[in-house]
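I opened the notebook to look at charged side chains and their partners. My plan was to take the pairs one by one.

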Amino acid sequence: MKNPDSNISYKIKEAIRQNDFKTALALIEKVVSSEPRNESLLNLKAKIGDITDNRDITTAALESLILIAPHNLQYSITLAQLHVDNGNTTLAPVVFESLFDKFQHPDLYFNYAWFLTRAADYKEALINYKKSIELGLQGAEEAHLNIANIYSSWLFSPDMARQHLISAIKINPTYIDALYNLGNLEEDSGNRQAAIKQFEKIRTINPLHGKASARLALAMDTQHASALIPELEMLSQKSSIDINTRIDCLYALGKLHDQEKSYEAAFNSWESANQLNKTMTGEFNQNVFSDGINKLMEAYSTSWFDKVALCNDFSPVFIAGMFRSGSTLLEQMLAAHPQIEAGGELDYFPRTAKKIDADNPPKSGHSKHLLESIAEEYTQTLSKISSSGSKVTDKRPDNALHIGLIKSVFPKARVILTRRELMDNCLSIYSHRFGRDMNYACDLEDISFYANELNRLTEHWISLFGTTIHIVDYDDLVKNPERVITGTLNFLGLSWDDSCLEFHRLRNVVSTASVWQVRQPLHCNSSGRWVNYSSKLISIHS
């Protein structure tokens, strides 16, 4: 005969099997009320919460499990991740804070640091990663890798990032993630041979590491890169290699075929890459995007800014527009000026806009306190890049969607909008890989639609803020660089400097797909490039 405990567990599991979750929960609560430390039943409760997508149930179960088994860090990690998945990133690290009085362990500090990073508390994350290493963290190379990512991605300290990547590799010379990130860092810093060296090491350790081969194709000169075509073809077709890697190989393969002037093969590679990529990014909904543009134009009006905008004299510089429309080149040319620092693609306003749902602002407007806190945080971000008083360019193209929020916070912000011939812009986006939030980039018609809708929005911004918005056309820039840059500098209240034409000598960090292009002297090779693919682009040619 079964004992009472096994009998109740059987009934609960049977109810779960029959999807009778209400009965299962009632039985669990009945037992737990008298046995609050029943770990196995609380785990079943958490499981029911997961199955039914009831986060309140899962959270309550995990909170109880953490109280009775604080040393089992998996409970805290699962709850913290639940907060992240729910968009409550600031709550995630709080889950661990009560544990420090109960025990000290390197894994506790490591996981706390990981979730502090998700909450954008980078300085505290660094402190706790370093504490985990001091306490003897097993696999300390991973902590060094994560520290390096913080320094390079958010604290604008590439030298510190390099030091920690080297430390990770000293601990584990075959640690591919650290070798790959070091290669990326050297690439972003314009150190071509150093980048190639790291990617070559990875291929020696793992010949099927397609991502390293793809990066080599981008870093090598044309003559040497073409030798990678057979390897990339093999890797892109090998079913045992994960789809993510195969996609990277196909984009790189297209680039090599394009360099060889094998345009049919190049387009076929990009088409295959985008078809695979679309299975990961999902379909782009043109109607939803257009509706979003309409809402932005309706919400952010003259009356809105008269009522809501802060009153301050700070005039940060934004470079926005379509991706692949010349923004990286423009920023590099401006950054060669002694009074300008390149900030790169800062994620502050896209992240903040999402956090406060700036696409659907309240009709009463954002509170003054909220806007002032955004202004303070952003100015602190810029101070990490330059403390010398130089102007810092924020070159995040999709800030074009957030000019309403930006102008609410900084009415005197200067916005430079980059534009490019539509067909060239569409082809350039289609031939590069972007993140999942840019799912329009996988389809030429979607790219064209997105570009036209974005242009409709930017015309709205120009109608509102014409005197503080400046247009730079990519083709005009490469043909008449001195005239275009002089006009842009005048817009920023600065004078011409000859160093702007020597931008390719800069060794600042450039973390975009244009990293190697902007290390070369100015050329017009990309203007009119679409003609080589005119038969493929006929559907969007108007």
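**Entry 1, a pair within one helix.** I began in helix α12, residues 192-205, where Glu200 and Arg203 both lie. They sit three residues apart, about one turn of the helix. This is a predicted model, and I read it as such. The side chains of Glu200 and Arg203 form a salt bridge, at 2.7 Å from N to O. I looked up accessibility next. Glu200 is partly exposed, at 29% relative accessibility.

**Entry 2, a pair across the sequence.** I then found Lys536 in a salt bridge with Glu264, at 3.1 Å from N to O. Lys536 lies in the segment after α27 (481-491), and Glu264 lies in helix α17 (residues 263-281), so this pair ties together parts that are 272 residues apart in sequence. Is Lys536 buried or exposed? I noted a relative accessible area of 26%, so Lys536 counts as partly exposed. Glu264 is partly exposed too, at 48%.

**Entry 3, strand to helix.** My next pair was Arg419 and Glu459. Their side chains meet in a salt bridge of 3.0 Å, N to O. Arg419 belongs to strand β4 (residues 414-419) and Glu459 to helix α25 (residues 444-465), so the pair ties together parts 40 residues apart in sequence. I checked both partners for accessibility. Arg419 has 25% relative accessibility and counts as partly exposed. Glu459 is at 38%, also partly exposed.

**Entry 4, a network.** I also looked for shared partners. Asp159, Arg162 and Glu186 are joined into one network by salt bridges that share partners.

**Entry 5, the total.** I logged 20 salt bridges in the structure.

Key
Residues numbered from 1 in each chain as written. Predicted model: local features only at pLDDT ≥ 70, side-chain atom pairs only at ≥ 80, totals over all residues. Heavy atoms only, no water. Helix = DSSP H or I, 4+ residues; strand = E, 2+ residues; numbered from the N terminus. Buried < 20%, exposed > 50% of the residue type's maximum accessible area, 1.4 Å probe, protein only.
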